[in-house]
Amino acid sequence: MENLLEILLTLGLLILLQAVLGFDNLLYISLESKRATEADQSRVRKWGIGIAVGLRIVLLFALVKMIASFQSTWFAFPESWGRVTAGSFNLHSLVVLLGGGFIIYTAMKEIFHMLAVDNLGEEGVERKTSTSKSVIAKIVLMNLVFSFDSILSAIALTSVDGKISTTSLWIMMIAVLTGGALMIWLADRVSEFLQRNRMYEVLGLFILFVVGIMLLSEGGHLAKLSFFGHEIHAMSKATFYFVITVLVLTEIVQSRYKKKLLKRRQST
């Protein structure tokens with residue numbers, strides 16, 4: 001009975017981990033899917049998440065079997081560069097760095113697009129649409145980038161003396177599938193909310209920007225990057241959620257203040 005209770009508690013913890021770490025992923029999916037035609041957006045989100053969940057299972061088995069390969073050094077900066085920069089890169093750090101850079105690029109491109117639009121109702125500047133296949137491919141690739149942290153955290157939580165039992169592997173698979181099902185269920189709802197409340201789309205883009213910074217700092221930390229003797233330290237999850245909370249509270253206060261000003265102007 002105690003063993004069953006322990007399994008259920010571990011499963012609940014892993015599902016919660018998938019849900020928490022999947023928030024920024026879900027936000028990216030909702031924003032990226034807008035590049036597809038309106039009729040295909042819901043289908044693109046579901047296919048993208050579905051394929052990504054299948055690949056997450058593959059990634060889970062790969063990390064369990066070849067975790068040493070992902071952590072071994074691929075290349076390093078020459079020692080002669082030591083006064084300017086230093087670092088050694090493995091596959092994990094490279095994936096996280098490239099993913100963080102791409103997310104920052106995506107967020108900034110969307111922000112500049114919003115600034116260029118003269119009439120938000122008519123979309124004065126046309127958004128360049130992409131094919132459903134290309135959007136699905138981007139969603140799948142970025143989902144895999146976000147998967148590294150959640151799967152490595154799951155392995156750390158379930159491993160005993162560095163070994164993964166068959167039961168622990170099944171628990172992680174169930175957690176990944178449950179997290180994927182939750183994302184499919186929430187994807188349309190998040191996109192519809194952002195569509196109805198356009199002001200929160202800006203907030204979402206800046207949250208995505210912070211996610212990119214967090215990934216860059218984490219990738220730099222994994223690669224032991226340093227510039228002029230100053231090491232890069234990973235942004236902690238506590239700091240990340242604190243920044244997100246401040247951004248959300250600022251947006252709520254600002255929107256309410258704008259409503260009060262609008263009522264005052266209408267009454268005068």
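# Reading a predicted model, feature by feature

Author: K224 has a relative accessibility of 63% and therefore counts as exposed. The model is a predicted one, and every value below is computed from it.

Reader: Where does K224 sit, and what is the sign of its phi?

Author: Start with the general idea. Most residues other than glycine have a negative phi. In this structure K224 departs from that pattern, with a positive phi of about 55° although it is not a glycine. K224 belongs to the loop between α6 (199-222) and β4 (226-227).

Reader: What is the phi of F228, and is F228 buried or exposed?

Author: F228 has a positive phi as well, near 50°, and is a residue other than glycine. The loop that holds F228 runs between β4 and β5 (230-231). With a relative accessibility of 61%, F228 counts as exposed, because the cut-off for that class is over 50%.

Reader: Before more detail, how many helices and strands does the protein have, and in what order do the elements run?

Author: There are 7 helices and 5 strands. Read from the N terminus on, the order is α-α-β-β-β-α-α-α-α-β-β-α. Of the 268 residues in the protein, 41% are buried. The exposed area is about 15700 Å², and carbon and sulfur atoms supply 67% of that area.

Reader: How do I read a sheet here, and which strands form it?

Author: Strands of a sheet pair through backbone hydrogen bonds, either parallel or antiparallel. In this model 3 strands form an open sheet, in the order β2-β4-β5, with antiparallel pairing. Each of β2 (85-86) and β5 stands at an edge with a single partner strand, so one side of each has no neighbour in the sheet.

Reader: How many bridges join β2 and β4, and which residue is the bridge partner of T85?

Author: The antiparallel pairing of β2 and β4 runs over 2 bridges. T85 has F227 in β4 as its bridge partner.

Reader: Next, charged pairs. How many salt bridges are there?

Author: Side chains of opposite charge can pair when their charged atoms come close. The cut-off used is a side-chain nitrogen of Lys or Arg within 4 Å of a carboxyl oxygen of Asp or Glu. By this rule the model has 3 salt bridges.

Reader: Which residue pairs with R45, and what does that pair tie together?

Author: R45 forms a salt bridge with D188, where the closest N and O atoms are 2.9 Å apart. D188 lies in helix α5 (residues 166-196) and R45 in helix α2, so this pair ties together parts that are 143 residues apart in sequence. Both partners count as buried: D188 has 14% relative accessibility, and R45 has 6%.

Reader: Which residue meets K46 in a salt bridge?

Author: The side chain of K46 also meets D188, at 2.5 Å from N to O. K46 lies in helix α2 and D188 in helix α5, so the pair ties together parts 142 residues apart in sequence. K46 counts as partly exposed, at 35% relative accessibility. R45, K46 and D188 are thus linked in a network of salt bridges.

Reader: Which residue does D40 meet in a salt bridge?

Author: D40 and R43 meet through their side chains, 3.6 Å apart from N to O. D40 is partly exposed at 23% relative accessibility, and R43 is partly exposed at 40%.

Reader: Which residues make the nonpolar surface patch?

Author: The patch is made by W47, I51, L55 and V58 and covers about 370 Å². One of these residues, L55, is found in helix α2 (residues 41-71). L55 is partly exposed, with 34% relative accessible area.

Reader: And for the inside, is G100 buried or exposed, and what does G100 touch?

Author: G100 is in helix α3 (residues 91-116) and counts as buried, at 0% relative accessibility. Leaving out residues up to four places away in sequence, G100 touches G212, L215 and L216. G100 and G219 are 119 residues apart in sequence, with 8.2 Å between their C-alpha atoms.

Reader: What share of the contacts joins residues 24 or more positions apart?

Author: Among contacts with a separation of 6 or more, such residues account for 78%.

Key
Residues numbered from 1 in each chain as written. Predicted model: local features only at pLDDT ≥ 70, side-chain atom pairs only at ≥ 80, totals over all residues. Heavy atoms only, no water. Patch = residues over 30% accessible without salt bridge, like charges linked within 9 Å, V, L, I, M, F, W, Y side chains within 5 Å. Areas by Shrake-Rupley, 256 points an atom, 1.4 Å probe, with all protein chains shown as cover. Helix = DSSP H or I, 4+ residues; strand = E, 2+ residues; numbered from the N terminus. Buried < 20%, exposed > 50% of the residue type's maximum accessible area, 1.4 Å probe, protein only. Contact = heavy atoms within 4.5 Å. Pairing = 2+ DSSP bridges.
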